[in-house]
Number of protein chains: 2
Amino acid sequence: VVSSDEDRIGDVRNIALVIEYNGARFAGWQVQPGQRTVQQSITDAIAAVTGEAVKLIGSGRTDSGVHAEGQVANFKTQSSIKTSRFPAAINSHLAADAAVIEARDVPPDFHARHDAVGKTYRYTISTRAVKPVFSRELAVWVPRAMDVAAMREAAAHLVGTHDFNSFRAQGKIDKDAVRTIERIDIDEDDNVLRMYFAGTGFLYMMVRIIVGTLVEVGWGQRAPGDMPGVIEARRRGAAGHTAPPEGLCLIEVRY
Amino acid sequence: VVSSDEDRIGDVRNIALVIEYNGARFAGWQVQPGQRTVQQSITDAIAAVTGEAVKLIGSGRTDSGVHAEGQVANFKTQSSIKTSRFPAAINSHLAADAAVIEARDVPPDFHARHDAVGKTYRYTISTRAVKPVFSRELAVWVPRAMDVAAMREAAAHLVGTHDFNSFRAQGKIDKDAVRTIERIDIDEDDNVLRMYFAGTGFLYMMVRIIVGTLVEVGWGQRAPGDMPGVIEARRRGAAGHTAPPEGLCLIEVRY
C-alpha cells in the first residue's frame, strides 16, 4: 500500500506553527475564560479545521496588547490535512488580526516552550512631536527627546548573563532569575526608535521594564553607569517604569 | 505699541496645514452631509480651537478609504493663536486617525488647490502568501506572483505628458485630460510592492486605474508593449481594473 501525504489518518503528527498577531484586541496569548486570547482563537480555528480539540503549546505567553510576528506553537493531530495546507485552512477561521504564516512537521517530542533556546523582541517608540496616525497600535508615542547614545551605553551593561531580579514584575518569583541577553540593538530612523532584544529567555515583564529603564536614561533621569548597580540591587524598585505593552512585538523564537 | 506674535487679533492670516490621515474610517476628504470626512473633522477642530467657521481648502479630494501622509490644506483665520501651536491645538480635537503634522503662515493669496504644481502618491500591495496582519488597512493583499520587471516596463510607457482619458473614472468629464507623470517607481521588498507616482496632477481615479492596469501586466494578462495603445484608445474600457482605495496614500503635494 502506497501511503500518500493525504492518506495518513491515524498517524499522530506534531505540527509547529509560526503565528503573527496584532495584540491590540487580544487579552494576550494565554487562554483565559471569557476573554478573547490568541491561544483560544487558534485552538478554535484548528478545531474547526480538524474536528479535534488540540492542546496548543506556545513558546511562551505574551501579555494583553503585545504583538507577535513570529510566535511559535505546536499541537498534535491525527488529521489527514497536508501540513502545507494548514496556514490557509486555519486562517480562514481567524479574524483579520491573527494569521498562521507557516506550518511545519516537527519530531514527536518537539515542545514549543521547552525547546526554545532564544527569542527576539522588538520595542517601538515614536518620538515624533505630533501623534503618529499610522503606527498608533504598534508603537508607543513618546514625544520627548531621548539621548540614544546614553541609552545604548546603558543597554551595553545589560548584555551578558546576569541575575535579572531587578527587571521582573514585582511579586513574581522566579527561582532562577539568571538570563542571558545576547544583544540589544537600538535603531533610530525618522523619529522612530526600534529596540531589539535577543536573549535565551526573558522573565515576566522583563523587556518592558528594561525599556522603561532605558527611556529614563534617555531622558537624563539615570546615568548609563548606574546600570550595574541596578542589576546588583536584585529588586524591582531599583529599575525604571514598565513600558506599555503596545510597543512590544515578539519577532522570533529560536530552536 | 509693540505687537507680539500672540497679539494679532484682527489680522487675517492664511495658514497652510500638512495633514496625515488613515482613510479607513473616513468617507474621503470632502465634506458630505451625514458622513465622517477629513475636511469636516479638521474644519470642526479648527472651529473648536478658534471659534471660527473657516473654509478649509484642500489640495484635492481623496476618496473614501484613501490615506494621506502629506495632504495640504489652507484656511484664513483672525485667531491670535501662534502658528506653531496650531498642530497640537487642532489635534487635541481630532480622533486618533487624523493629525495635523505642520502649520505654516503662507501669503494671503496662497490656495492649496490652485497653487499645487505636483503630487506624489504611493500604492502598496502585499504579495505575501498569507494575509498580512499588520498592514491590513494600509495595503491591498494580492497573494499572486507578479512580474515586476514587466510592470516597470509598462509603467515607463506612461511616464511623460499624455492624454490620460483611458485612465479616468468612467462618466467623469475632464475637458483636458492631459497630465504629466514625472516618474513611476516600483520598489519590491519582502513581499511588499510599493509603487510611487509623481506627477503634475492626476485625474479622478487615475492612480488606481493605472495600478490595476499594471497589476494585469504583472499577471501576464497584458504586455508592457500594449500600453501605448491603451493610452491612444482614450477610453476607460481600454485600461485595466480600478485597484481598491486602501492601498493608496497621498504622500506629498508640491508648490
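The mean pLDDT of chain A, where pLDDT is the predictor's confidence in each residue from 0 to 100, is 93, and 95% of the residues of chain A reach 70 or more. This is a predicted model, in which local features need pLDDT of at least 70 and side-chain atom pairs count only at pLDDT 80 or more, while totals for chains, interfaces and linings use all residues. Residues are numbered from 1 along each chain as its sequence is written, chains are lettered from A in the order in which they are written, and side-chain values use heavy atoms, with hydrogens and water left out.

**Confidence**

- For the complex, the predictor gives an ipTM of 0.78 and a pTM of 0.86.
- Over residues 1-8 of chain A, pLDDT stays under 50, and for these residues the model has 11 contacts beyond four places in sequence, a contact being heavy atoms within 4.5 Å.

**Symmetry**

- Chain B is superposed on chain A by a rotation of 180° with 0.0 Å of shift along its axis, at an RMSD of 0.0 Å, which is the relation of a two-fold axis; the fit is by least squares on the C-alpha atoms of residues with pLDDT of at least 70 in both copies.
- Among the residues of chain B, B:S135 comes closest to the rotation axis, with its C-alpha at 4.9 Å.
- Because 100% of the interface residues of chain B are also interface residues in chain A, the copies meet through the same surface.

**The interface**

- In this interface, 24 residues of chain B are in contact with 24 residues of chain A.
- The area buried between the two chains, meaning the accessible area (1.4 Å probe) that two parts lose on being put together, summed over both, is about 1800 Å², and carbon and sulfur atoms give 61% of it.
- In chain B, the residues that lose the most area to chain A are B:K131, B:F134 and B:R136, which together account for 35% of what that side buries.

**Salt bridges**

- A salt bridge is a side-chain nitrogen of Lys or Arg within 4 Å of a carboxyl oxygen of Asp or Glu, and the whole structure holds 24 of them over all chains.
- Between chain B and chain A the count is 2 salt bridges, and the side chains of B:E20 and A:R128 meet in a salt bridge at 2.8 Å, N to O.
- Within chain A, the side chains of A:R208 and A:D63 meet in a salt bridge at 3.5 Å, N to O.
- This pair links distant parts of the chain, 145 residues apart, with A:R208 in helix α4 (residues 206-218) and A:D63 in the loop between β2 (57-58) and β3 (67-77); helices (H or I, at least four residues) and strands (E, at least two) are DSSP runs, numbered from the N terminus.
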